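Here are a few exercises to work through with the model open beside you. Try each task before reading its solution.

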Amino acid sequence: MASILIIFLILLHNYVSAVQERDLVASLMSGYNKDARPVRNPSTHVTVTLDVALAQIIDVNVKEQFMTTNLWLRQRWRDEFLTWNSSEHGNIQTVIIKSDLIWRPDIVLYNRIHEEGWSDTPDTNVRVSSTGDVIWGYPATILSSCVMDISNFPYDVQRCPMKFGSWTYNGNDLNLINFTNKGDTDNFIRNEEWTVQSFEVERNEVVYSCCPGVPFPDVTYTVVIRRRSLYYNYYVMAPNVLLAVLALLGFFLPPDSGEKLSLSITLLLALMVFMQLVTDTLPPLSTSIPAISVFFGAIIVLVGLSSALTIFILTLHFRGPYVRPVPKWLRTIFFLGPPKARTTVINNNKHLHQSGEPEVTQSPRREVNEPSALGRIEKVMNHFRDEEEIITYKRRLEKDWKVLAMRIDRCLFIVFTLVFIIATGAILGTA
């Protein structure tokens, strides 16, 4: 019986409280004008406190220069027409009222991008205390413009400001201040592409050309974000470096394989494709060139020069039918040593200078006393000996040129490797 009485008293209390709250809200709304500022003295201003929580970064569009965020906004102000004596209304300290029934500050995001299908400020409820303090909170998915600096892409840090202020009231009518010294990121949802380094807040007063002498206060929240570069390091930078290393190793590829030039051209085309894929994700700006594009450009120039020098190396390796001796200055630079002297007689009438050039000398013909048949045989044998010595000498010259091409290849490998390391460190070190 006692439990039934307790339940009955609880239900009766809730009913009475609901009736009292309904009567209180009806009393507050009686004669209330939501179009006028909630002050009894028109010369005083309304102080509005703004608090913004960053819930999620949905998208950062570098190409279109905007950021999509999910924000929780909380505004606080005092409404002098929404006060009551709690002791006269069942000790009710706070009531919940629809926000569209009372005056609300027209705080807007100045750099917001409005698109079709995006809703305006939602009509959520407000919490009103007996002292007239109003707390209005609501979530909003907002597209805001953000001028982004891509000079260090993909190791860039972006600063995206969000400027909040009243669109119609100046500082004499509405004083906008920030609730805390920094934005709220306690409930931030992790983003897989960006990390939030800070959520700064700053209050400003600006005098616009439309209204000289009248300040307009604003509260600017700045989201400082850093790009997670793992994706680009793994899928873009690493293949790019690998292609550059293959281009360097191409200097070790023997020219006789027939694939030396085709390898360089294939690597050059692959770098062009990679660069095009990255360029498609960037805005067409002429003010700055991203670090990754500079890196691609340097690697393309490096591979292009290696391709051109590969052609030069091939011309040294394959000298064609007319082979000349390697010049002395090239022998000196690449340590080929002096040319071997040839003082042997070819068919008893051809001598070679120290440089290897043949010289024809006049010598008395040897009298041949053998029959007509033996003389022809000796003549044919002398001819074959001459041809054999000429072929041997030509092969020796070709070998000298091939050794020279190989040593130039090794020197170019060292030079290009140093240039590649220095360029990579200089470009990525400044990012």
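**Exercise 1. Helix 2 against helix 3**

Describe how helix 2 (residues 230-249) and helix 3 pack in this predicted model, using the angle and the distance between their axes.

*Solution.*
- Step 1. Two packed helices are described by the angle between their axes and the distance between those axes.
- Step 2. For helix 2 and helix 3 the angle is about 165 degrees, and the axes lie 10 Å apart.
- Step 3. Angles over 145 degrees count as roughly antiparallel, and helix 2 and helix 3 are therefore roughly antiparallel to each other.
- Step 4. Add the handedness: helix 2 passes helix 3 in a left-handed crossing.
- Step 5. Now look at the side chains. Helix 2 brings Tyr235, Val236, Pro239, Asn240, Leu243, Leu246 and Ala247 to the meeting, while helix 3 brings Leu263, Leu267, Ala270, Leu271, Phe274 and Val278.

**Exercise 2. One residue of that contact**

Place Ala270 in its helix and decide whether Ala270 is buried, partly exposed or exposed.

*Solution.*
- Step 1. Ala270 belongs to helix 3, which covers residues 260-279.
- Step 2. The relative accessible area of Ala270 is 23%. Buried means under 20% and exposed means over 50%, so Ala270 is partly exposed.
- Step 3. Pro239 is one of the helix 2 residues in the contact with helix 3. The C-alpha atoms of Ala270 and Pro239 are 9.8 Å apart, with their positions 31 residues apart along the chain.

**Exercise 3. The faces of helix 3**

Work out where the buried residues of helix 3 sit when you look down its axis.

*Solution.*
- Step 1. Begin with the length. Helix 3 has 20 residues and reaches 29 Å from its first C-alpha to its last, close to the 28 Å expected at 1.5 Å a residue.
- Step 2. List the buried residues of helix 3: Lys260, Ser264, Leu267, Leu271 and Val278.
- Step 3. Down the axis of helix 3, these buried residues fall within an arc of 65 degrees, so they line one face of the helix.
- Step 4. The spacing rule helps here: an α-helix has 3.6 residues a turn, so residues three or four places apart point the same way.
- Step 5. Check the other side of helix 3, where Leu269 and Leu277 are exposed.

**Exercise 4. Bringing in helix 4**

Find how helix 4 (residues 291-317) is oriented relative to helix 3, and then relative to helix 2.

*Solution.*
- Step 1. Helix 3 and helix 4 pack at about 165 degrees, with 9 Å between their axes. That makes helix 3 roughly antiparallel to helix 4.
- Step 2. The crossing of helix 3 and helix 4 is left-handed.
- Step 3. Turn to helix 2 and helix 4, whose axes come within 10 Å and cross at roughly 15 degrees. Angles under 35 degrees count as roughly parallel, and helix 2 and helix 4 are therefore roughly parallel to each other.
- Step 4. Helix 2 passes helix 4 in a left-handed crossing. The residues in contact are Val236, Met237, Asn240, Val241, Ala244 and Ala247 from helix 2, together with Ile292, Phe295, Phe296, Ile299 and Val303 from helix 4.

**Exercise 5. Backbone details in the loops**

Compare the phi angles and accessibilities of Gln65 and Asn91, then examine the peptide bond from Phe153 to Pro154.

*Solution.*
- Step 1. Recall the background: most residues other than glycine have a negative phi, and most peptide bonds are trans.
- Step 2. Gln65 has a positive phi, near 65 degrees. Gln65 sits in the loop between strand 1 (46-61) and strand 2 (66-78) and counts as buried, at 19% relative accessibility.
- Step 3. Asn91 also has a positive phi, of about 55 degrees. The loop between strand 2 and strand 3 (94-98) holds Asn91, which is exposed, with a relative accessible area of 56%.
- Step 4. From Phe153 to Pro154 the peptide bond is cis, with omega near 5 degrees. Pro154 lies in the loop between strand 6 (133-145) and strand 7 (157-166).

**Exercise 6. A strand residue**

Identify the surroundings of Thr222 in strand 10 (residues 215-227).

*Solution.*
- Step 1. Thr222 is buried, with a relative accessible area of 12%.
- Step 2. Setting aside neighbours within four places in sequence, the contacts of Thr222 are Arg159, Cys160, Pro161, Ser198, Phe199 and Glu200.

Definitions and conventions: Residues numbered from 1 in each chain as written. Predicted model: local features only at pLDDT ≥ 70, side-chain atom pairs only at ≥ 80, totals over all residues. Heavy atoms only, no water. Helix = DSSP H or I, 4+ residues; strand = E, 2+ residues; numbered from the N terminus. Buried < 20%, exposed > 50% of the residue type's maximum accessible area, 1.4 Å probe, protein only. Expected span 1.5 Å × (residues − 1). Arc of directions from axis to C-beta. Axes fitted to C-alpha atoms, helices over the stretch in contact; angles between N-to-C directions. Parallel < 35°, antiparallel > 145°, perpendicular 65-115°, else oblique. Left-handed = near helix turned anticlockwise from the far one by under 90°. Contact = heavy atoms within 4.5 Å.
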